[in-house]
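Trainee: I've got the sequence and the model open side by side. Can we go through some of it together?

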Amino acid sequence: MLWNNLQAWMLFSSRLVGLRALSEMGFLTPEVTFEKPDREYVAKGYYIWNDEPELNGEGDFYQELIPTEPVDYKYYAVNDGSEIHVAGRRVTSKLYGEKQFIGQIENRPALAASLRKLVERFDLRGVGVDLVKDIDGQYWAVDVNLAAGYRDTGLEPALTESIIASLPSG
């Protein structure tokens, strides 16, 4: 038995499919090209398990680098069977070094609504979305992860309930 939706897990293992789904749910997403751009970019592999995104490196495709602080905004959702819980945190960007927890964030209603829409549309039990904030205060979704780490999110009780609710009864 798989806790999350198997079909969605297979779809979202492709970073390009994940980015398209995020865009369809109302998130802003950076431009993607298959040729190295002349400006700064993030190189990514087609699949989430191949490699880590790399600043100005080699990849299967290239995502526009959104000018921002070296900080990511991680939004997490857990569907416990009766409610979709959302929490966010700030972490240092892996593009510039080791990822470190900075702190919790107050959820932005529009981002939380788009995340809930993603969970409902794809019948997910849990998901994480990586965002960056540009100099104008706009948030851009740069990745989606169905195997997100929920440590320090405050969603641990909801995660436990979600796993219990997904177990076969009897």
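Trainee: Let's start in β9. Which residue there is the bridge partner of V132?

Mentor: Keep in mind that this is a predicted model. β8 and β9 pair in the antiparallel sense, over six bridges. Look across from V132 into β9, and the bridge partner you land on is W140.

Trainee: And in the hairpin of β8 and β9, which residue takes a positive phi?

Mentor: Check the link of that hairpin, which has five residues between the strands. The phi to look for is near 85°. The residue that takes it is G137.

Trainee: What about the other pairing of β8, the one with β5: which residue of β8 does Y75 stand opposite?

Mentor: β5 and β8 also pair in the antiparallel sense, and they do so over six bridges. β5 covers residues 71-79 and β8 covers 126-133, which is where to look. Standing opposite Y75 in β8 is V129.

Trainee: Why is β8 described as largely enclosed by the rest of the structure?

Mentor: The cut-off for buried is under 20% relative accessible area. Go along the eight residues of β8 with that in mind. The strand is largely enclosed because the number of its residues that are buried is seven.

Trainee: Now the largest pocket. Which element gives the largest share of its lining?

Mentor: That pocket holds about 620 Å³ of space, and 35 residues line it. The elements that give two or more residues to the lining are β2, β4, β5, β8 and β9. The largest share is five residues, and it comes from β5.

Trainee: How many charged residues are in that lining?

Mentor: Nearest the centre of the pocket you'll find P53, K74, K94, D130 and D143. Sorting the lining by class gives 16 nonpolar and six polar residues. The charged count is 13.

Trainee: There's also an open sheet of four strands. Which strands are its edges?

Mentor: Its order is β1-β4-β2-β3, with antiparallel pairing. An edge strand pairs on one side only. That makes the edge strands, at 32-33 and 54-55, β1 and β3.

Trainee: In β4, which residue is the bridge partner of T33?

Mentor: β1 and β4 pair in the antiparallel sense over two bridges. Find T33, then cross to its bridge partner in β4. You arrive at Y62.

Trainee: At about what angle does helix α2 run to β4?

Mentor: Helix α2 is residues 15-24. It lies across β1, β2 and β4. Relative to β4, it runs at about 30°.

Trainee: Is Q63 buried or exposed?

Mentor: Q63 sits in strand β4. Beyond its neighbours within four places in sequence, its contacts include L19, V32, Y41 and V142. Its relative accessible area is 2%, and the cut-off is under 20%, so Q63 is buried.

Trainee: How far apart in space are Q63 and P53?

Mentor: In sequence, they are ten residues apart. Take the distance from C-alpha to C-alpha, and it comes to 9.5 Å.

Trainee: Last one: what is the relative accessible area of T92?

Mentor: T92 is in strand β6, residues 84-92. Leaving aside neighbours within four places in sequence, it is in contact with P70, E98, K99, Q100 and I102. T92 counts as partly exposed, with a relative accessible area of 23%.

Notes: Residues numbered from 1 in each chain as written. Predicted model: local features only at pLDDT ≥ 70, side-chain atom pairs only at ≥ 80, totals over all residues. Heavy atoms only, no water. 1 Å grid on protein atoms, 1.4 Å probe; cavity = no way out; pocket = protein on both sides within 12 Å on 5 of 7 lines; lining within 4 Å. Points joined across faces, edges and corners; volume = space filled by probe spheres on them. Nonpolar A, V, L, I, M, F, W, Y, C, P; charged D, E, K, R; others polar. Pairing = 2+ DSSP bridges. Contact = heavy atoms within 4.5 Å. Axes fitted to C-alpha atoms, helices over the stretch in contact; angles between N-to-C directions. Buried < 20%, exposed > 50% of the residue type's maximum accessible area, 1.4 Å probe, protein only.
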